[in-house]
Amino acid sequence: MEQSSLIKITNLKHKNPGEYFVQGKIENVQQTSGPTVFTINDGYGSIEAVAFMGKGERAYPNIKEGDTAKIKINIGEDQRIRIENINKFEGIKAEKMNRTINEIINERIRPPKMDFLIQSEALENMRTQMNNAAREIRKAVINNRPIIIRHHADTDGYVGAIALERAIVSLMEKHYFDPEARWKYFNRAPSKSPFYEYGDVIRDLSFSIRNKEKFEHKEPLVLLVDNGSTDEDLLSIKKLKIYNSPVVVVDHHHPGKIKDGKSSVDNVVDFHVNPYLFGYDRNITAGMLGTELARLVDPKINNIDYFPALSGVADVARGEEMNKYLDLAKKHNLDREYLKKIGMCVDFEAHFLKFLEGYGLVDDLLGENHEKHKDLVELLYNDIIHRIKEQEKVIDKYMKTRKLDNGIRLGVLDAEKVTSRGQFPPPGKTVGIAFDRLSDQGKTMVLGIGPDFIIIRATEDINFDINELIKNTKEKIPYASIQGGGHENAGTLKFVEAAKEEVVEELFKTLGSNDYV
Ligand code: MN
């Protein structure tokens, strides 16, 4: 039996069963049908400790949430922590304890001063904002606030989100005595749409409100990755803010009009990391930003050095940062070609996972488990290639191509007729495959026209911006309920089915052609 002594909560994990003293803040009190559960946080860590007076009877009724105290606990052989007595701090002693805890927390939420994985002026210019985001995430963990990551369901989104997940879970494992805590306090889920859909926020809120009632949890910090920066995200984010959730956005989609370094979501979210706000563009991907941010959240995580290059290959990023990240990946024996393979596998997996988080599955593809990783990539890649080859035959047979007067080579597909519902490759990917077959011949655009949507891919040498197109079409056909978004050269236009003819006609006019296929 060890001597009773005052101990930091984070160190309890390594102690033998026995009696100890801790001091800290009563974070919350939960009455169960059996004992009363007190969550105690000393700024270094957090425990749940039980006290039993009688079935469903509130133990220590004089101890309330927010109180500070010195507590004698007993860690049982079963790792259960029981309270032996609580010595509540009053007056100056309580004030001092509160101040001490705040100092500890302020010290611990400060992100480390460290180099990014690459040298980059762009990243340095974004550093203050990245530090703000890292501080908010660290603060959430240290204050026992649950965290939800919502991310775009493509390789870039998965990469950024999983890097952050690893960092957050690693911090949580250090902070909570209970090894199960990460399952209670952390969740990640992909979003099918390239924005935070209202259906997704409703799901997130109903879970968090339930946990608030059941476990007395705080409102979750919601972290949006490769999503969250456009006008389409506003409704969901505003809804979260009404329920008092802090919101952090890590994205590289064009956030719309920027005024004084701020876009429309900046008025609502707590922190927004986006290269466009700093005069850069989508070539600094969400996966790059998420990985660098993850290192600021927990510098101890490793094995993610090649994540940025992987996200960049998948999102077809170019430029100085991309080249440096590729060089870094090469040091881990991962060249562009192999990264492309991994990216294709992640997209394939994401297609079938839909809204499931894919816990572990995508991690394995991202090389968490080296043996499995190689087997998986080989298995899936061969299958994907087979499916793509089949799809290429379909495209070659049914894609209508021609040259417009302005020199643009145009390919048009009937998106739903050349794909099978639910199968891989879906319409978006199919347009991508068609685009790859045409785009080595100069200015190219491929359209995948569906009953109520048009998927668009264009080469960068065409002066074309999907977000502009959406704006203009909205003005020209105000009754078509035009929606959509994407990057400048890749995105989707959505409309009501009844307006299809007019929308297509308008699009062809924009392209400088009057007769459409
Ligand atoms: Mn992306």
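Q: Two strands pair if DSSP finds at least two bridges between them; what makes strand S14 (residues 453–458) and strand S16 (residues 490–494) a pair?
A: In this predicted model, numbered from 1 along each chain as its sequence is written, local features need pLDDT of at least 70 and side-chain atom pairs pLDDT 80 or more, while totals for chains, interfaces and linings use all residues. Side-chain values use heavy atoms, without hydrogens or water. S14 and S16 share five bridges in the antiparallel sense, so the requirement of at least two is met. Phe453 has Lys494 of S16 as its bridge partner, and Ile456 has Gly491 of S16. Strands are DSSP runs of E of at least two residues and helices runs of H or I of at least four, numbered from the N terminus.

Q: How do you know that S14 also pairs with S13?
A: S13 and S14 are joined by five bridges, again in the antiparallel sense. Leu447 stands opposite Ile456 of S14, and a hairpin of three residues leads from S13 to S14.

Q: Why is S14 called largely enclosed?
A: Five of the six residues of S14 are buried, so the rest of the structure largely encloses this strand. Buried means under 20% relative accessible area, exposed over 50%, and partly exposed in between (1.4 Å probe, protein chains only).

Q: What makes S11 and S15 edge strands?
A: The open sheet has six strands in the order S11-S12-S13-S14-S16-S15, with mixed pairing. Strand S11 (400–403) and strand S15 (483–487) each pair on one side only, and they are its edges. From one strand to the next, the twist averages 15°.

Q: Which strands does helix H16 touch when it packs on the sheet?
A: H15 lies across S14, S15 and S16 and runs at about 160° to S15. H16 touches S11, strand S12 (409–414), strand S13 (444–449), S14 and S16, and its direction makes about 180° with that of S13. Contact means heavy atoms within 4.5 Å.

Q: Why are helices H15 and H16 called oblique to each other?
A: The axes of H15 (residues 466–476) and H16 (residues 500–510) come within 11 Å and cross at roughly 125°. Angles under 35 degrees count as roughly parallel, over 145 as roughly antiparallel, 65 to 115 as roughly perpendicular and the rest as oblique. H15 and H16 are therefore oblique. Their crossing is right-handed. Leu469, Thr473 and Lys476 of H15 meet Val503, Glu506, Leu507 and Thr510 of H16. These residues divide into three nonpolar, two polar and two charged.

Q: How do you know that H1 and H3 are oblique to each other?
A: Helix H1 (residues 91–109) and helix H3 (residues 127–142) have axes that come within 9 Å and cross at roughly 135°. The pair is therefore oblique. The crossing of H1 and H3 is right-handed. Ile105, Arg108 and Ile109 of H1 make the contact with Arg135, Arg138, Lys139 and Ile142 of H3. By class, there are three nonpolar, no polar and four charged residues in this contact.

Q: Why is His373 called buried?
A: The relative accessible area of His373 is 5%, so this residue is buried. His373 belongs to helix H13 (residues 370–398). Not counting residues up to four places away in sequence, His373 touches Tyr338, Ile342, Asp364, Leu365, Leu366 and Gly367.

Note on methods: Axes fitted to C-alpha atoms, helices over the stretch in contact; angles between N-to-C directions. Left-handed = near helix turned anticlockwise from the far one by under 90°. Nonpolar A, V, L, I, M, F, W, Y, C, P; charged D, E, K, R; others polar.
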